[in-house]
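Q: Please take a close look at one strand and its surroundings, in terms that a first-year student can follow. I would then like to see how some other parts of the chain compare in kind.
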Amino acid sequence: TWPHLLVRAMLAEQLFRGIPLLFEMGLIMGSSAAEIFDNVRAASGVYNQDFTSTSKIKKFTPGERSYSEVTTSFMNALLAGSESLAISFRSMVWKDDPYKNFVILEYKIKNTTGSVVTNFHMGIFADWDIASNGGSDRAAWDVDTRLGYVAPAQPSTLPRAGIQVLTGQANYYAIDNDHTLAGNPLGLYDGFSDAEKFTTLSNGLSKLQAGGLNGTDVSHVVSSGPYMIPAQEEITIAFALHGAGSLLDLLTSAQYADTLYNYTFNAAKPIVSDVEVCHSSDATVSAAG
């Protein structure tokens, strides 16, 4: 579905050294296994399509807060009037150091019903394929930057990729895709059920590694929650997607993304007084703060 394609298109613009990093990515959100909405794989060969576009995708260069931005909106239903969540989306990118290795994804989620939504979680599922077409990767979590990342399990010059939680309480679930591996509690080759999706979305920091020492086919869910959304009100949830040539560079990128979104964006704006000037005359504009 289109939100799935939108995220894939943004990642295509972020190819690291011309190397594709992503096999599949999409959104998962909900309050329980019975109330889950997503656009990722379900049963074998089937992909859910729980979201419908409510506005055209628009691109702005320059953006309001970044070099370039993409905006759109969607809902969690096929027909208008039957939705319970209305979501507006904005992506933000930069072209210069130290911000050029990440994309910030910001979602505003509105509860359109007359009842409070509780235990709400929202996350991004990603199946990265980096080493050996994804067969020799390892997934892990960095607690300091709240970054879930995938990298080659063995020493390699190939890139690393990750998803960072920028708002709310972080949840992370690393997945070994092969469900037949000994001791594997949850795999994807046999499908991805709603119950499994909500487990990966809402289980806190319960499974922080996948792939073992030698690497396997891995994926992960990086999410934020739980939230309470009062009737007719909205919350904001933000993530950052990262790509870098080394784990150190990936973690450094995550530090910059967190500082930018949670501190720089929230700094007080300068105060500028009005200035009157006649045509063809000079004017001086001064800012304070």
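A: The answer starts with the whole protein, goes on to one strand and what lies around it, and ends with other places in the chain.

The model is predicted, so local features are given only at pLDDT of at least 70 and side-chain atom pairs only at pLDDT 80 or more, while totals for chains, interfaces and linings use all residues. Residues are numbered from 1 along each chain as its sequence is written, and side-chain values use heavy atoms, with hydrogens and water left out.

The secondary structure comes to three helices and 17 strands (DSSP runs numbered from the N terminus: H or I over at least four residues for a helix, E over at least two for a strand). Of the 289 residues of the protein, 49% count as buried (under 20% relative accessible area; exposed is over 50% and partly exposed is in between, with a 1.4 Å probe and protein chains only). The C-alpha trace spans about 80 × 50 × 30 Å along its principal axes.

The part to look at closely is strand β6, which covers residues 85-93. Seven of the nine residues in β6 are buried, so the strand is mostly covered. Strand β5 (residues 68-75) runs antiparallel to β6 and is joined to it by eight bridges (strands pair if DSSP finds at least two). Across this pairing, Glu69 stands opposite Met92 in β6. Strand β7 (residues 102-111) also runs antiparallel to β6, and nine bridges join the two. In that pairing, Phe89 stands opposite Tyr107 in β7. To follow both pairings in the picture, find β6 at residues 85-93, then look for β5 at residues 68-75 and for β7 at residues 102-111.

The chain between β6 and β7 has an unusual peptide bond. Most peptide bonds are trans. The bond from Asp97 to Pro98, however, is cis, with omega near 0 degrees. Pro98 itself is found in the loop between β6 and β7. Asp97 also forms a salt bridge with Lys100, with the closest N and O atoms 3.7 Å apart (a side-chain nitrogen of Lys or Arg within 4 Å of a carboxyl oxygen of Asp or Glu). Asp97 counts as exposed at 58% relative accessibility, and Lys100 is partly exposed at 37%.

Aromatic side chains come together here as well. Trp94, Tyr99 and Phe102 belong to one aromatic cluster with Tyr256, Tyr261 and Phe265. The structure as a whole holds 11 aromatic pairs (rings of Phe, Tyr and Trp, the last by its six-membered ring, with centres within 6.5 Å; planes under 30 degrees apart are stacked, over 60 edge-to-face, the rest tilted).

Other places in the chain show related features. A further cis peptide bond runs from Gly225 to Pro226, with omega near 10 degrees. Pro226 lies in strand β14 (residues 218-229), whereas Pro98 is in a loop.

Backbone angles give another contrast. Most residues other than glycine have a negative phi. Asn119 is not a glycine, yet its phi is positive, at about 55 degrees. Asn119 lies in strand β8 (residues 117-128) and is partly exposed, with a relative accessible area of 36%. Asn133 has a positive phi of about 55 degrees too. Asn133 lies in the loop between β8 and β9 and is exposed, with a relative accessible area of 74%.

A search of the whole structure finds eight salt bridges. One of them joins Asp127 to Arg41, with the closest N and O atoms 3.0 Å apart. This pair links distant parts of the chain: Asp127 is in strand β8 and Arg41 is in the loop between β2 and β3, 86 residues apart. Asp127 counts as buried at 3% relative accessibility, and Arg41 is buried at 11%. Glu24 joins Arg41 and Asp127 in a network of salt bridges.

Another salt bridge is formed by the side chains of Asp176 and Lys207, at 3.7 Å from N to O. Asp176 is in strand β12 (residues 170-176) and Lys207 in strand β13 (residues 205-207), so this pair ties together parts 31 residues apart in sequence. Asp176 counts as buried at 12%, as does Lys207 at 16%.
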